[in-house]
Each structure stands twice: as structure tokens, then as C-alpha cells.
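Good morning, and thank you for joining this group meeting. Please look at the sequence and the structure together while I speak.

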Amino acid sequence: MKIELLGSLAAEKCGKSFVPSAAKPRQVLALLAMRAGRLVPTTTLMEELWGERPPRSASTTLQTYILQVRRHLSWAVSGSGLCPKDILVTAHGGYLLNARPGAVDAHRFMELVSAGDAALGARDDQAGSELLGHALRLWKGPALVDVKAGQVLEIEVMRLEEARLGVLEKRIGADLRLGRHNDIICELTTLAAQHPMHEGLHAQLMVAQYRAGRAWQALETYRRLRDTLDEGLGIAPSGLVKRLYHLVLTADPQLRGSQEQAHAGMERLVG
């Protein structure tokens with residue numbers, strides 16, 4: 001089985017898609033896939049489909065949606081000897097999508113992130129950057145971009161998107177410590193434009209610009225962030241970002257230190 005949630009919804013078994021075309025069954029499949037290998041209570045599925053006010057027929061209608069997903073599964077596994085009911089399992093109080101570990105890209109993403117975090121914790125920025133980069137390459141667009149998500153899936157999607165942004169920061173931080181500032185300036189410039197109030201990304205962009213010999217651009221990045229925060233939220237940049245601004249102003253050696261110095265003095269600023 002292969003299931004993709006990090007972009008458009010895709011699900012294959014025996015090389016054939018079993019994604020329904022109707023909106024509600026797609027929601028059911030997406031939520032079951034998001035929690036593959038775990039029981040999803042019937043009440044949770046109803047909350048996803050109808051919110052806090054499910055219709056009287058909700059239980060019967062949900063069973064119909066499950067049946068529709070199984071019909072697509074039946075077509076996908078025809079001739080293989082597999083039974084759809086053994087893949088989409090009815091359990092006490094809910095349903096479970098029986099998928100092996102790593103079959104769902106969102107789960108694989110989190111596994112790679114854990115491995116990358118472990119490498120960074122061991123001060124192995126090379127391995128950390130590679131593992132986190134691999135995790136990020138699993139993304140093909142916004143999570144479940146073609147599924148109309150209810151309140152349960154919305155939370156799951158938000159969790160994944162926040163995790164993606166955090167992983168980006170950590171991978172970029174590792175790349176900065178590895179001296180790859182010239183390679184990531186374009187990526188950081190785009191990210192800062194997409195997230196105009198994100199202090200971490202702006203701080204990383206400032207460091208990359210300074211190390212590339214563009215101190216004036218680093219100062220301009222700070223001023224743009226400061227003005228955006230002031231106009232949008234009425235607040236000033238954090239103390240850490242202000243400190244980075246003064247380090248750029250004074251051409252502090254910390255900004256061009258060795259990898260070990262970067263770990264000791266700058267990791268709080270750039271991840």
C-alpha cells in the first residue's frame with residue numbers, strides 16, 4: 001500500500017488507486033490514512049464529516065461511506081486474494097486502515113524528522129540536513145490540498161504544516177552551520193516573503209546575507225521585519241532578533257565563526 005497526504009490525496013494498493021471521487025468518502029479515507037494503524041472512533045469520523053451536529057442518519061450514512069471506500073479497495077485488489085475488510089477493518093467502536101509502517105508519506109515524514117533531530121542532537125549537521133531535506137522532499141504541495149477537510153482533519157493538516165515549517169528552520173540552521181549560506185539565500189528570500197512575520201526565517205536570512213558579504217541586505221531584512229510586525233501587530237522584533245541586528249551592525253565575529261562556535265553562540269538565533 002502507498003498513501004500520499006502531503007499534497008493531493010493519493011492511495012494505491014497492488015498498483016491501483018482506491019481513492020473515491022465523492023467528497024465525503026475522500027474525507028473518511030484521508031482521516032483513516034492520517035491515523036493508519038490506529039483505531040479511529042466512529043464519533044471522530046462523524047465529527048469530521050458533520051461537526052458537532054450530525055444528522056440522525058449519521059451512523060448509517062458513515063457505513064455507506066465506508067462501503068464506498070471498500071468498493072474501491074475491492075477493485076484495486078481484485079485477483080490478488082486480498083480482502084478489503086482486512087485492509088479497512090471494522091473494529092469495536094470504529095474503523096482502522098491496516099497499513100504497514102512507512103506506507104503513508106506523512107508518517108514517513110515524521111520518522112525522517114525524528115532521525116534528523118537525533119543527528120542534530122549529536123552535532124552531526126551533515127546527516128541532519130540530509131535527513132530533514134529528505135523529509136521535506138516528500139511534500140508535493142499543501143497537505144490534503146484536494147480534500148475538503150472538516151474540523152478534525154483541519155487540525156491534523158495544521159499540525160503537519162507547522163511541523164513542515166519547523167523542519168525547514170532546522171534544516172536551514174544546519175546548512176548555515178555547514179557554511180552553505182550562498183546556496184540557501186534564494187530559498188530563504190522566498191520563505192521570508194511567504195512568511196513576512198516569521199522571525200526565525202528572517203533571522204536565518206540575515207545571517208546568510210551577512211556571511212555572503214551583503215550586510216546592507218541583512219540590515220534591510222531586519223527593518224522590513226520590524227516594520228511589518230509594527231504595522232500588522234503593533235509589536236517589535238524579539239530580543240534575539242534585535243541582538244542579531246546589533247551583531248550585524250558591529251560586524252561581530254560570532255557571525256563568521258567556526259562550526260563549533262556557531263553551535264555554541266548562534267544556534268539559538270538561527271536554529
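Let me begin with one pair of residues: in β6, tyrosine 95 is the bridge partner of threonine 90. Before going further, I should say that this is a predicted model, in which local features need pLDDT of at least 70 and side-chain atom pairs count only at pLDDT 80 or more, while totals for chains, interfaces and linings use all residues. Residues are numbered from 1 along each chain as its sequence is written, and side-chain values use heavy atoms, with hydrogens and water left out.

Some terms are needed here. Helices (H or I, at least four residues) and strands (E, at least two) are DSSP runs, numbered from the N terminus. Two strands pair if DSSP finds at least two bridges between them.

The same two strands supply a further pair, since valine 89 has leucine 96 in β6 as its bridge partner. Overall, β5 and strand β6 (residues 94-97) pair in the antiparallel sense over four bridges. Their hairpin has two residues between the strands, and glycine 93 there takes a positive phi near 85°.

What is the strand order of the open sheet of three strands with β6 in it? The order is β4-β6-β5, and the pairing is antiparallel. β4 (40-41) and β5 (88-91) are at the edges with a single partner strand each, so one side of each has no neighbour in the sheet. As general background, strands of a sheet pair through backbone hydrogen bonds, either parallel or antiparallel.

A further open sheet has three strands in the order β1-β2-β3, again with antiparallel pairing. Here the edges are β1 (2-4) and β3 (16-17), each with a single partner strand, so one side of each is left without a neighbour in the sheet. Strand β2 (residues 10-13) is joined to β3 by two bridges, and these strands run antiparallel. Lysine 13 stands opposite lysine 16 in β3.

I now turn to the helices. Helix α1 (residues 23-34) lies across β4, β5 and β6 and runs at about 70° to β6. For such angles, axes are lines fitted to C-alpha atoms, for helices over the stretch in contact, and angles run from 0 to 180 degrees between N-to-C directions. Contact means heavy atoms within 4.5 Å.

How do α1 and α7 pack? Their axes are 10 Å apart, at an angle of about 50°. α1 and α7 are therefore oblique to each other; angles under 35 degrees count as roughly parallel, over 145 as roughly antiparallel, 65 to 115 as roughly perpendicular and the rest as oblique. Gln27, Ala30, Leu31 and Met34 of α1 make the contact with Val152, Leu153, Glu156, Arg159 and Leu160 of α7. By class, this contact of α1 with α7 has six nonpolar, one polar and two charged residues. In that scheme, Ala, Val, Leu, Ile, Met, Phe, Trp, Tyr, Cys and Pro count as nonpolar, Asp, Glu, Lys and Arg as charged, and the others, Gly among them, as polar.

α1 also packs with helix α2 (residues 42-50), at an angle of about 135° and with axes 10 Å apart. The two helices α1 and α2 are therefore oblique to each other. On the α1 side, Lys24, Gln27, Val28 and Leu31 meet Thr44, Leu45, Glu48, Leu49 and Trp50 in α2. The classes in the contact of α1 with α2 are five nonpolar, two polar and two charged residues.

Further along the chain, the axes of helix α10 (residues 215-233) and helix α11 (residues 239-249) come within 10 Å and cross at roughly 155°. α10 and α11 are therefore roughly antiparallel to each other. The contact involves residues including Tyr222 of α10 and Tyr245 of α11. By class, the contact of α10 with α11 has nine nonpolar, no polar and two charged residues.

Finally, let us consider a loop residue. Leucine 138 lies in the loop between α6 (125-137) and α7 (151-177). Which residues are in contact with leucine 138, leaving aside its neighbours within four places in sequence? They are Leu6, Asp105, Arg108, Phe109 and Leu112. Leucine 138 and leucine 6 are 132 residues apart along the chain, and their C-alpha atoms are separated by 6.9 Å.
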